[in-house]
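Colleague: I'd like to learn how to read a model like this one, feature by feature. Could you walk me through it?

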Amino acid sequence: MTESTANETDAKTDPQTAIFRINSEQTELVSAEDPETTHLVSTATPLETLPPADPTLYAEDLAVGDVWLTETREITDGDVQAFADLTGDHTPLHGDQGSASPYGKPIAHGLLGLSVLAGLGTNYPTASTLAFVSVEDWRFVAPVFFGDRVQGRNEIVQIEPHGRRAVKVRWLRQLLDETGRVTQEGYFVTLVGSKARGRKKPR
């Protein structure tokens, strides 16, 4: 597979909304302003930070197969300690005794990774979310270690009507480490409002 440096640069610096449609070899970066304009981005290398998907997207703007990549975030020992203090989960695996674990060093809480993924996806895309419905079929595939840089990948896999002014969206959400490996994945289900709902004036 060949890839041009110019196309990679376009994908990283374009301030307009970016929607990614995946095929088996490359990613097509589809311009929100001109759907006929695309950039091919290699998926064989670690993922890069991309601009947020602005402005707010409504039900009518979404399509099955759309994919967003989030910004990256480092998971620090401070993050893990703060999460342990907040939840009360001080399992030795996540502290100093983690070096004696099968992983050879401490790992972050799986639910910390899930929470970080939820936060990273807030602006990728910035959707007109009305409600968070469920988390389904979640899998913890690989550990996240202190110092790892992670990134979210959000793909729309199903859209169905929900009333007159909303849709129910099923998202495949994946947490990737800095090499692009999936560390955990599953489905989020949310309700996204339509443009008509967004224009509705309060009483």
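Colleague: Let's begin with strand pairing: how many bridges join β7 to β8, and do they run parallel or antiparallel?

Modeller: Happy to help, and please keep in mind that this is a predicted model. For pairing, count the bridges and look at the strand directions. Here β7 and β8 are joined by 11 bridges and run antiparallel. One facing pair is Lys168 with Leu191 in β8. The hairpin of these two strands has 5 residues between them, and Gly180 there takes a positive phi near 90 degrees.

Colleague: Which strand joins β8 through 8 bridges?

Modeller: That is β5, which also runs antiparallel to β8. Glu136 stands opposite Tyr187 of β8. As for burial, 10 of the 12 residues of β8 are buried, so the strand is largely enclosed by the rest of the structure.

Colleague: What does the overall layout look like, from the N terminus on?

Modeller: Read the order of elements as a string: α-β-β-β-β-α-α-β-β-β-β-α. That gives 4 helices and 8 strands. Then check how contacts span the sequence: of those between residues at least 6 apart, 66% join residues at least 24 apart. Buried residues account for 42% of the 203 residues. The chain exposes about 11000 Å², with carbon and sulfur atoms supplying 49% of that.

Colleague: How should I read a helix? Which residues of α2 are buried?

Modeller: The general idea first: an α-helix has 3.6 residues a turn, so residues three or four places apart point the same way. In α2, residues 77-87, the buried ones are Asp79, Val80, Phe83 and Ala84. Viewed down the axis of α2, they fall within an arc of 135 degrees, so they line one face of the helix. Asp77 and Leu86 are exposed on the other side.

Colleague: What do the buried residues of α2 pack against, and what follows the helix?

Modeller: They pack against β4 (66-74) and α3 (110-120). After α2 comes Gly88, with a positive phi near 85 degrees.

Colleague: Now the core: how many residues does the largest nonpolar core have?

Modeller: Look for buried nonpolar residues joined through their side chains. The largest such core has 24 residues, and those with the most contacts inside it are Leu62, Trp68, Ile75, Leu112, Val150 and Val169. Elements giving two or more residues to this core are α2, α3, β6, β7 and β8. The largest share, 5 residues, comes from α3. To follow one member outward, take Val169: among the residues it touches are Leu62, Ile156, Phe188 and Val192.

Colleague: And single residues? Is Ser134 buried or exposed?

Modeller: Compare the relative accessible area with the cut-off: buried means under 20%. Ser134 has 19%, so it is buried. This serine is found in strand β5. Its side chain makes a polar contact with the side chain of Glu136, at 3.0 Å. Leaving out residues up to four places away in sequence, Ser134 touches Tyr187, Phe188 and Val189.

Colleague: Where should I look for unusual backbone geometry, and which residue other than glycine has a phi near 50 degrees?

Modeller: Scan phi and omega along the chain. Asp137 has that positive phi, and this residue lies in strand β5. Asp137 is exposed, at a relative accessible area of 56%. For omega, a cis peptide bond joins Tyr124 and Pro125, with a value of about 10 degrees. Pro125 lies in the loop between α3 and β5.

Terms used. Residues numbered from 1 in each chain as written. Predicted model: local features only at pLDDT ≥ 70, side-chain atom pairs only at ≥ 80, totals over all residues. Heavy atoms only, no water. Buried < 20%, exposed > 50% of the residue type's maximum accessible area, 1.4 Å probe, protein only. Arc of directions from axis to C-beta. Contact = heavy atoms within 4.5 Å. Polar contact = N/O pair within 3.5 Å; in protein donor to acceptor, adjacent residues only side chain to side chain. Areas by Shrake-Rupley, 256 points an atom, 1.4 Å probe, with all protein chains shown as cover. Core = buried A, V, L, I, M, F, W, Y, C linked by side-chain atoms within 4.5 Å. Pairing = 2+ DSSP bridges.
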